[in-house]
Amino acid sequence: MSSIAGSGGVRVQTAASVARRAAWLRRLPLLPAFIYVILVTQIPFLLTIYYSFFSWNLLKPGSFKFTGLDNYARLLTDESIRIAVLNTVVLTVAVIGISVVLGLAVATLLNSEVFGKGLMRTLMIAPFLIMPTAGALIWKDTLLNPLFGLLPYLLTPFGLGRVDWVNQYPMVAVVAVEVWRWTPFMMLIILAGLQSQNPEVLEAARVDGANSFQAFRRITLPLVRPFLELGALLGSLFVVQTFDSIYMLTFGGPGEDTTNIPFLLYLVAFQGFSIGQASAIGVVAVILTTIIATVALRTLFSIFNVEARR
Amino acid sequence: MSIFAVLIALVAGACSGGAGGGTGGGTTTITLAAVDNPSMADLKKLVPDFQATHPNIQVKIVTLPEDVLRQQVTQDVAAGSGRYDLFTIGTYEVPLWAKKGWIENLSPFIAKDPSYAPDDLIPGIRGALSYNSNLFAVPFYGESSMLMYRKDMLAAKGITMPDHPTWDQVAAAAKAVNSRSVNGICLRGLPGWGEQLAPLDTVVNTYGGRWFDPQWNAQLNTPQWHDAVSFYINLLKTAGEPGAGNAGFTECLNAYNSGKVAMWYDATVAASFFTGDAAKNSGYAYAPIKVKDWSGWLWAWSLGMPSSSKKKDAAWTFADWATNKAYIQLVGTKLGWQHVSPGTRTSTYDLPEYKAAAGAFADVTLQSIAHADVTHPTVDPVPYIGVQYVDIDEFQQLGDKVSQEFAKVIAGGQTVDQALAKAQALATDVGKAQH
């Protein structure tokens with residue numbers, strides 16, 4: 001359009017367009033990935049936001065109408081949502097807390113010179129590699145079943161033989177399964193931290209008269225702290241979304257005792273078919289997860305920065 | 001700009017790719033979404049027989065578990081996407097979906113085939129699958145509920161079970177035979193409107209309870225509900241199977257088959273799966289009662305045709321073949337008479353081969369189905385239809401939530417009154433939406 005300008009202008013224009021073309025050529029190989037990401041993440045997300053402003057129940061033809069922030073307003077008043085948020089927090093805090101402590105213990109053990117370390121490490125990672133659905137089924141049917149489960153059998157001498165764990169202590173059961181699943185993940189991350197530790201420092205501490213607990217407390221722990229934080233944050237990101245084990249183990253019950261946000265979303269969307277309400281819950285869940293993810297990524301980058309400075 | 005062009009091209013390509021196929025070369029392909037049960041597995045085996053006589057219709061059967069099927073099919077009909085030409089739906093869906101125009105009226109199709117004999121369909125089932133006196137689905141399998149008991153175990157305690165027992169008699173018998181090694185009775189406790197709530201609802205009905213009065217006021221705070229739910233849960237706690245909160249149809253079947261429980265109140269079809277001592281020594285009684293007689297439930301898996309199907313004639317041809325008398329003969333001769341789906345046609349119960357195979361429970365099944373009345377499930381009048389469910393859209397979610405509250409009572413987490421108070425609040429909200 002500016003080609004009618006003077007010759008100098010044309011040359012500038014040409015140089016700019018060459019640069020732009022070069023830039024596009026460089027981006028071209030990325031385009032398929034870019035389009036794919038937009039197609040499968042951004043469009044559904046925008047649609048979800050759009051639907052969250054509508055009252056729409058699939059079972060009621062003609063119920064599709066704009067209701068503004070009604071769906072969000074209901075989130076603040078609905079008792080089920082309050083319970084689901086509380087359950088999500090309890091589940092996440094308990095699972096992450098316990099699995100970080102266990103993970104740290106196992107990682108410390110595997111970091112020391114112990115017989116059969118390689119085999120032990122492989123066995124320890126196994127729970128993380130089992131499909132969550134299959135894992136939950138094994139827990140429910142072979143470990144916790146009050147009639148023929150392994151755990152009630154082993155606990156019989158202690159008078160806990162016929163305890164129906166899944167129904168009587170549903171949250172304990174879900175936390176147990178999730179801890180079993182996430183401990184290996186924590187262990188791997190913490191082990192990476194431990195192995196980056198310079199053994200000479202520990203040796204120096206020992207020479208200075210520190211016992212092993214003091215050395216662990218004063219030297220090892222501060223060093224692996226960023227790894228603990230990273231593990232906890234990445235873990236929370238996943239545990240907040242726990243669905244498989246709840247679906248298989250308790251189906252959110254009894255009552256609403258183990259219904260977390262993702263499971264409530266499932267119930268609203270696929271039992272109640274309230275697309276609008278489910279979309280609003282989805283949007284809020286994404287916002288909450290994004291907040292955790294942001295903190296997680298910051299921690300991750302701060303570890304890289306520390307590593308780079310060394 | 002160019003990005004959007006590519007995007008649009010991609011989306012358009014994806015759409016056209018999905019829509020094609022199916023109607024090439026003079027043959028029509030119909031897709032049936034089938035529930036994962038033994039009757040449907042038999043149907044799948046016999047599809048080659050259909051194809052032999054109808055070479056121009058290809059049948060594709062997609063088998064899904066009940067809850068997934070319900071989700072998929074509901075989304076399909078609600079969005080009118082026409083992915084399926086036939087699906088198995090229950091008595092719960094048929095009147096609801098017929099009212100919305102989601103499924104096709106099959107009476108005109110039936111009228112075209114003089115051999116179909118719709119009057120041969122068992123009356124209770126025919127009524128449950130009709131809307132405005134027209135059949136909107138054809139039954140493939142039908143069931144009611146009955147009491148199954150081990151004659152030998154009851155006889156050891158000197159108990160004989162009458163044909164029409166009361167719940168008090170059943171409870172007394174259960175407590176008498178209950179011991180360390182054998183539990184008195186298995187009753188479903190697994191949450192879900194199709195699991196725990198099915199038998200429990202029939203108990204509530206016969207105690208005179210109802211979900212709503214004719215003005216859609218929730219009735220779960222009434223003494224009838226309190227008494228019925230307390231009775232059910234007390235019976236479970238004193239003489240029921242351990243881990244009742246996880247026991248559904250399958251768990252109870254395993255317990256009964258392995259001789260761990262002496263009685264079991266469940267679907268009439270259960271007796272066809274008995275093995276060993278359970279098959280040899282079982283007696284069958286009608287659904288136990290309190291006030292209202294004939295308290296058995298009514299359920300049928302049936303073939304329905306979505307209005308959005310573009311291959312209705314081909315779909316009907318298959319539905320007709322799979323539900324008429326000739327198909328029952330085909331199953332009997334080819335797969336064995338114990339494979340014949342119960343509870344669809346009266347004439348099935350006149351076949352000597354079937355009578356020999358179905359044995360003692362055939363008559364209980366037929367009579368229970370014939371006497372189940374979906375419009376008068378309990379003592380007082382109700383504004384809804386359905387024996388072990390309430391035929392409204394919201395019931396799936398309401399029933400699931402209410403049964404979760406009862407599961408919490410079974411687990412010892414709350415009292416019957418607390419659960420019923422919550423259930424009443426949930427039902428009140430649903431009732432308000434019915435006006």
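**Stop 1: where the chains meet**

Select the contact between the two chains: 23 residues of chain A and 24 residues of chain B take part. On chain A, pick out helix α8, residues 165–168. With three residues, helix α8 of chain A gives the most to the side that touches chain B. Now colour that side of chain A by residue class. You should find 11 nonpolar, seven polar and five charged residues. Keep in mind that this is a predicted model.

**Stop 2: chain B as a whole**

Hide chain A and show chain B as a cartoon. Its secondary structure comes to 18 helices and 11 strands. Turn the C-alpha trace along its principal axes: chain B spans about 75 × 55 × 40 Å. How does the radius of gyration of chain B fit that of a compact globule? For 435 residues such a globule would have near 22 Å, and chain B has 23 Å, which agrees. Buried residues make up 51% of chain B. Look at the contacts with a separation of 6 or more, too: 76% of them join residues 24 or more positions apart.

**Stop 3: two domains**

Colour chain B by domain. Domain 1 takes 20–143 and 299–357. Domain 2 takes 145–297 and 384–432. The C-alpha centres of domain 1 and domain 2 of chain B lie 30 Å apart. Where the domains of chain B touch, eight residues of domain 1 are in contact with 11 residues of domain 2. On the domain 1 side, five of the residues are nonpolar, one is polar and two are charged.

**Stop 4: a five-stranded sheet**

Stay in chain B and select strands β2, β1, β3, β11 and β6. In that order they form an open sheet with mixed pairing. Which strands stand at the edges? They are β2 (57–64) and β6 (137–143) of chain B. Each has a single partner strand, so one side of each is left without a neighbour in the sheet. Look across the strands: neighbours are turned by 20° against each other on average, direction ignored.

Add helix α2 of chain B. α2(B) packs on the sheet and touches β1, β2, β3 and β6 of chain B. Its direction makes about 165° with that of β2(B). Next add helix α3, residues 66–79 of chain B. Helix α3 also packs on the sheet, touching β1, β2 and β3 of chain B. The direction of helix α3 makes about 130° with that of β1(B).

**Stop 5: strand β3**

Zoom in on strand β3 of chain B, residues 86–89. In a regular strand, side chains alternate between the two faces of the sheet. Are the faces of β3(B) covered or open? Both are covered: Leu86(B) and Thr88(B) are buried on one side, Phe87(B) and Ile89(B) on the other.

Now check the partners of β3(B). Strand β1 (residues 28–35) of chain B runs parallel to β3(B), joined by two bridges. Strand β11 (residues 299–304) of chain B runs antiparallel to β3(B), joined by three bridges. Click Phe87(B) and look both ways. Ala33(B) stands opposite Phe87(B), and so does Gly304(B) in β11(B).

**Stop 6: Asp49 of chain B**

Finish in helix α2 of chain B, residues 38–53, and select Asp49(B). Why is Asp49(B) classed as partly exposed? It has 13 other C-beta atoms within 10 Å, and a residue needs 20 or more to be buried, or 12 or fewer to be exposed. Last, draw a distance from Asp49(B) to Tyr84(B). They are 35 residues apart along the chain, and their C-alpha atoms are separated by 21 Å.

Definitions and conventions
Residues numbered from 1 in each chain as written. Chains lettered and ligands numbered in written order. Predicted model: local features only at pLDDT ≥ 70, side-chain atom pairs only at ≥ 80, totals over all residues. Contact = placed C-beta atoms within 7 Å. Helix = DSSP H or I, 4+ residues; strand = E, 2+ residues; numbered from the N terminus. Nonpolar A, V, L, I, M, F, W, Y, C, P; charged D, E, K, R; others polar. Pairing = 2+ DSSP bridges. Rg over C-alpha atoms; globule rule 2.2 N^0.38 Å. Domains from an automatic or database assignment. Axes fitted to C-alpha atoms, helices over the stretch in contact; angles between N-to-C directions.
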